[in-house]
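Student: Could you take me through this one? I'd like to start with the strands and then move on to wherever the two chains meet.

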Amino acid sequence: MKLSEKIDKLKKYFPVVLRFGLAIVFLWFGFSQLKNPEPWTGLLPGFLNSNVSFIYLNGIFEIIFASLLLLGLFTRVASFILGLHLIGIIFSLGYGAVAVRDVGLAIATFSMFLHGADEFCLDKLLLKKYHKHNSEMSNISE
Amino acid sequence: MDRKLKIIIPSLIVVILVAIVVFSVGNDSSTNISNTQNNNPGKQGLSLVGNTTQGQSNQTSSSSSLTLEELSKHNSEADCWVVYQNKVYDLTSWLTKHPGGVNAILPYCGTQEFEAAFKRQHGNSKASLFLKIAQLMGDFKSKSSLV
């Protein structure tokens, strides 16, 4: 078997790899903000007055949504919200190397939104269960 | 149920691993900060918490003029001075806290190029934050002022 054919067999794992990669990034930043919030206040918009509480909230938000992405639960919603969140950060940072990198991350996150749940997501499992339950109910009613 | 566990368990493992990495690797940088402070007893530690009072006292300590030759001696991670608006500031304690990493600032330690790089990266949006966190060491005596 050719190498390209072997790699093609792994295609189905692409969304999982992307989900995990993105989730790890958001988890890292989320935990970092909880661990040591003070340096991150510099990235807050001016009207928030460098308040540390917002960093804690942001950290918790990122951890929760990254976890949803990891589990593949509400995949589209989680990836869309994280993508918007990144866009907010990009505008807050202004043009620079970090913002350019974040643009790439935002695009990857939105591509996750476009793709939706993959076969390794909890979403798919729950949807299957829901459909199965519905068909059972309709059979009973008949 | 098995399939659910196959999804949940690896996800949990990833979350725990990332948390371990963040909370254990981060201890090294906080140790570096305390070592820096111990090696330089004359320099105050910088923290954004309670920085308003420090910021005020930082801004009134300008009593000496420093030349480029003196500035260039402070060009390392353990001792980083930069020039901003014709004044010399000590950024040593902030280096490891910088969200963009130490290497974003380190090349400009002990040089006059910090201000240009800072404005390229942050524009004017972070100027007030910089003045709060940096410790003022004195005025900068550029060559033109010596002539």
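**Strands, interface and a few single residues**

Tutor: Strand β2 (residues 75–76) of chain B and β3(B) pair in the antiparallel sense over 2 bridges, where strands (E, at least two residues) and helices (H or I, at least four) are DSSP runs numbered from the N terminus, and two strands pair if DSSP finds at least two bridges between them. This is a predicted model, in which local features need pLDDT of at least 70 and side-chain atom pairs count only at pLDDT 80 or more, while totals for chains, interfaces and linings use all residues. Residues are numbered from 1 along each chain as its sequence is written, chains are lettered from A and ligands numbered from 1 in the order in which they are written, and side-chain values use heavy atoms, with hydrogens and water left out.

Student: OK, and which residue stands opposite B:Cys80?

Tutor: That is B:Asn75, and the two strands, β2(B) and β3(B), form a hairpin with 2 residues between them.

Student: What does β3(B) do with β4(B)?

Tutor: β3(B) is joined by 4 bridges to strand β4 (residues 87–90) of chain B, and the two run antiparallel, with B:Trp81 standing opposite B:Asp90. These two strands also form a hairpin, again with 2 residues between them, and B:Gln85 sits in its turn.

Student: Is β3(B) mostly covered or exposed?

Tutor: Strand β3 of chain B, residues 79–84, is mostly covered, since 6 of its 6 residues are buried, and buried means under 20% relative accessible area, exposed over 50%, and partly exposed in between (1.4 Å probe, protein chains only).

Student: Which way do its side chains point?

Tutor: B:Asp79, B:Trp81 and B:Val83 point one way from β3(B), whereas B:Cys80, B:Val82 and B:Tyr84 point the other way. In a regular strand the side chains alternate between the two faces of the sheet.

Student: What's the strand order in the whole sheet?

Tutor: The order is β1-β5-β4-β3-β2 in chain B, an open sheet of 5 strands with mixed pairing. Its edge strands are β1 (65–67) and β2 of chain B, each of which pairs on one side only.

Student: And how many helices does chain B have?

Tutor: Chain B has 7 helices along with 5 strands, and read along the sequence they follow the pattern α-α-β-α-β-β-β-α-α-α-β-α. Of the 147 residues of chain B, 40% count as buried.

Student: Switching to the interface: how many residues of each chain are in contact?

Tutor: There are 31 residues of chain A in contact with 23 residues of chain B, contact meaning heavy atoms within 4.5 Å. The chains bury about 2400 Å² between them, 70% of it on carbon and sulfur atoms; buried area is the accessible area (1.4 Å probe) that two parts lose on being put together, summed over both.

Student: Which residues of chain A supply the most of that area?

Tutor: A:Phe31, A:Lys35 and A:Pro39 supply 24% of the area that chain A buries against chain B, which is more than any other three residues.

Student: How many salt bridges cross it?

Tutor: The rule finds 0 salt bridges across the interface of chain A and chain B, a salt bridge being a side-chain nitrogen of Lys or Arg within 4 Å of a carboxyl oxygen of Asp or Glu. The count of residue pairs in polar contact between the chains, both at pLDDT 80 or more, is 1; a polar contact is a pair of N or O atoms within 3.5 Å, and within protein one must be able to donate a hydrogen and the other to accept it, with residues adjacent in sequence counting only if both atoms are side-chain atoms.

Student: Which helix of chain A gives the most?

Tutor: α2(A) gives the most to the side of chain A that touches chain B, with 7 residues.

Student: Now A:Ser79, is that buried or exposed?

Tutor: A:Ser79, found in helix α4 of chain A, is buried, with a relative accessible area of 0%. Its side chain reaches the backbone oxygen of A:Thr75 at 2.8 Å, and the backbone oxygen of A:Arg76 lies 3.1 Å from a polar atom of the A:Ser79 side chain.

Student: Last one: where is A:Phe74?

Tutor: A:Phe74 is in the loop between α3 and α4 of chain A, and has a positive phi of about 50° although it is not a glycine. A:Phe74 is exposed, with a relative accessible area of 53%.
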